[in-house]
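Okay, thanks for coming, everyone. Let me put the structure up, and then I'll walk you through the parts I'd like you to look at.

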Amino acid sequence: MAVLDVKNLSKSFGGLKAVSDVNLYVKKGELLGLIGPNGAGKTTIFNLLTGVYVPTSGTIELTGSRGERAEIGGMKPYLTARHGISRTFQNIRLFKNMTVLDNILVAMHQNARYTLLEAIFRLPRYYSQETRFAETAAHILALVGLDQKAGELASNLPYGEQRKLEIARAIATGANVIFLDEPAAGMNPSETDELASLIVNLKDEYDLTIILIEHDMKFVMGLCERIYVLDFGTIIAEGSPDEIKHNKRVIQAYLGEEA
Amino acid sequence: MDTKKKNSKRPGFDTPVEKPAKKLAPWQSGLIGLGIVAGVYLILRILISTGVIGAYYQGILHGIFIDIIAALGLNLITGITGQFSLGHAGFMAIGAYTSAYVVLHTSGSMVSILGGILLGAVLAGVLGLLVGIPTLRLKGDYLAIATLGLGEIIRIFIQNTDQQVLGGSAGLTGYGVYAAATSPAGFELVFFGAVITFVVIRNMVKSSHGRACIAVREDEIASESMGVNLTKVKISAFVVGTFFAGLAGGLYTGYTGIIQPKSFDFMQSIEFLMIVVLGGLGNIWGTLIAAAALGVLNMFLQSFAEIRMIIYALLLVIIMLIKAGETPFFVKLRGLFKWSKWNLPFVHRKTEVE
Ligand SMILES: Nc1ncnc2c1ncn2[C@@H]1O[C@H](COP(=O)(O)OP(=O)(O)O)[C@@H](O)[C@H]1O
Ligand SMILES: [Mg+2]
């Protein structure tokens, strides 16, 4: 079953067609890879699917956990988040001057059931929700190994941990579809391995559908079940890691870039 | 790479998570807070009643409490939510004129005074809602210019109304003083006004709604992608902040005994901004200290109004240069000069990374 069904998706910036006529689908529970040379339009696709950009044309259909369908193309990001979509960013976008714990708690805000007035008057619902939030947040932080750093400022974390915190934050929204934009960027091989098993574990634990962009081919090929290859804004190949490795157009696109 | 292989023990996945250490229970910290407020109130009340704090210094004190109320509101908007507002004094004017009008046209009893102050705060908040919807879409400098314009529009509007209604540029008077040093419950009005403001803003900040405000300040795109409704968060911060500007206005009315449009000009907005920035953006304890410090400074500089503005301007420039952020200005300075290692309890021990 497809959670996401993308049809004829295009995005232009002025004269530049960053994404043109892209068709793709994402199956529920899938670990999908999106690869392609720099500037191919990968991040732009993520931005379209999460509501940061409004598509120039095309549709993005999301099927929710109870089978309900919604067109999310052009929907504001906070609304796509309410539909269970979350993400990380290529250039880490943590709330730098907030603690690690508060970064997680912000992501849980959309599930807060107490009103501003209940918070101001400190009514019972405030306390019961905050207690539950704290427990859930502690659990998520432990999963990514940041429970000991809950009180530190996000900006004080080393780079690799910032990437993990971003993933944890995305999960804390309660999303079931998660987009990871170059999660292994800037990590050394052992950190990358650790990240790969973390992603698999998190996917199992939370029953996630994950779509990730990554340049580290070993990482992508080892982790993803299916891969789309993007070049100049169009999809040039789709298939299993093995199929992609031996695809002529893919090899050309990558060699062409290196030349 | 075989990532499917399960490690024998995955922390959190296979081993239980330790519960977070319990902090003070809500009723405990509530009692402590109540104790502090009661203590400060009793001390000040006794000092005033016994005449140790005379009418002159009591006047200064009341002014400081009124500034605290307005500046805490602005801190919520600018320091905590990151929305630059230069029109705060305009909202204060709404509260001031509303309360004066109500008191002038009713019995002038305590009920009508309190009712007028509350109505003024509500109207300021409602105006905050109405103007917040279009203006909070603007970012940074544009928002600053829009709010600056708005504050001036309010002032000039009042200035040009019928002399009989709001007093025009001559101002309104004759409603009596109710928050001044000379009025019996004046101290209680401003003191508990400031306490209520502080508790409301603090409770808001330490809640999911407050965290959303800070997140919006930190990164709009990230917070929106994490499900934070930007418009709603900005507007609610603006409404609460302008509500307290209105509250400060109502108290100011009873404090001076005469209100004039020129008391609510752009420079007044800048003064509130100074307090917020000096105390540390988003730091509500810092706002208390900075309001007190500036109140005392103003007392010494009362007869040199021009010098005061020069000092303010210089302070602003220095603040911009050292980028104090949430760290209160004086703490930052202390760090710069490596003065003695005071350990001020209200100081956030956070390091600033740019
Ligand atoms: N907001 C934007 N405005 C203008 N051009 C953009 C914007 N975002 C992306 N682009 C352009 O779209 C193209 C694809 O960018 P991007 O999606 O970031 O590539 P990738 O993530 O595959 O490296 C690039 O040429 C980039 O310059
Ligand atoms: Mg990219």
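So, start with what sits around ligand 1, and keep in mind that this is a predicted model. The residues around ligand 1 include a run you can follow along the sequence: A:Pro37, A:Asn38, A:Gly39, A:Ala40, A:Gly41, A:Lys42, A:Thr43 and A:Thr44. The others to click on are A:Phe13, A:Leu16, A:Ala18 and A:Tyr53. If you sort that shell by chemistry, you get 6 nonpolar residues, 5 polar ones and 1 charged one.

Now the polar contacts. A:Thr43 puts a polar side-chain atom 2.7 Å from an oxygen atom of ligand 1. With A:Ala40 it's the backbone: one of its N or O atoms is 3.2 Å from a ligand 1 oxygen. And over at A:Tyr53, an N or O atom of the side chain lies 2.9 Å from a nitrogen atom of ligand 1. As for how much of the ligand is covered, on its own ligand 1 has 560 Å² of accessible area, and the protein covers 63% of that.

Which elements give two or more residues to this shell? Those are β2, residues 16-27, and α1, residues 42-49, both in chain A. The top contributor is α1(A), with 3 residues.

Okay, keep A:Thr43 on screen, and let's go to the metal. Ligand 2 is a magnesium ion, and its coordinating atoms here are OG1 of A:Thr43 and OE1 of A:Gln90, at 2.0 to 2.1 Å. What I like is where those two come from: A:Thr43 is in helix α1 of chain A, while A:Gln90 is in the loop between β6 (85-87) and α3 (100-107), so the pair links distant parts of the chain, 47 residues apart.

Are those two residues buried, exposed or something in between? A:Thr43 has a relative accessibility of 25%, so it counts as partly exposed. A:Gln90 comes out at 29%, and that makes it partly exposed too. The cut-off for buried is under 20%.

Let's zoom out for a second. Chain A has 10 helices and 10 strands. Its C-alpha atoms fill a box of roughly 60 × 40 × 35 Å along the principal axes. The radius of gyration is 19 Å, which agrees with the value near 18 Å that a compact globule of 259 residues would have. And of those 259 residues, 58% are buried.

One of the helices has a nice local detail. A:Thr80 sits in helix α2 of chain A, residues 77-82. A polar atom of the A:Thr80 side chain lies 2.8 Å from the backbone oxygen of A:Pro77. A:Thr80 counts as buried because its relative accessible area is 1%.

Last thing, backbone angles. Where do we find a positive phi in a residue other than glycine? One is A:Asn8, with phi near 50°. A:Asn8 is in strand β1 of chain A, residues 2-13, and at 38% relative accessibility it's partly exposed. Another is A:Asp21, with phi near 55°. That residue, A:Asp21, is in strand β2, one of the elements we met in the shell around ligand 1. A:Asp21 is partly exposed as well, at 47%.

If you take one residue away from this, make it A:Thr43: its side chain has that 2.7 Å contact with a ligand 1 oxygen, and its OG1 coordinates the magnesium ion. Okay, that's me done. Questions?

Terms used
Residues numbered from 1 in each chain as written. Chains lettered and ligands numbered in written order. Predicted model: local features only at pLDDT ≥ 70, side-chain atom pairs only at ≥ 80, totals over all residues. Heavy atoms only, no water. Near = heavy atom within 4 Å. Polar contact = N/O pair within 3.5 Å; in protein donor to acceptor, adjacent residues only side chain to side chain. Areas by Shrake-Rupley, 256 points an atom, 1.4 Å probe, with all protein chains shown as cover. Helix = DSSP H or I, 4+ residues; strand = E, 2+ residues; numbered from the N terminus. Nonpolar A, V, L, I, M, F, W, Y, C, P; charged D, E, K, R; others polar. Donors = N, O, S within 2.8 Å, 3.2 Å for Na, K, Ca; no water. Buried < 20%, exposed > 50% of the residue type's maximum accessible area, 1.4 Å probe, protein only. Rg over C-alpha atoms; globule rule 2.2 N^0.38 Å.
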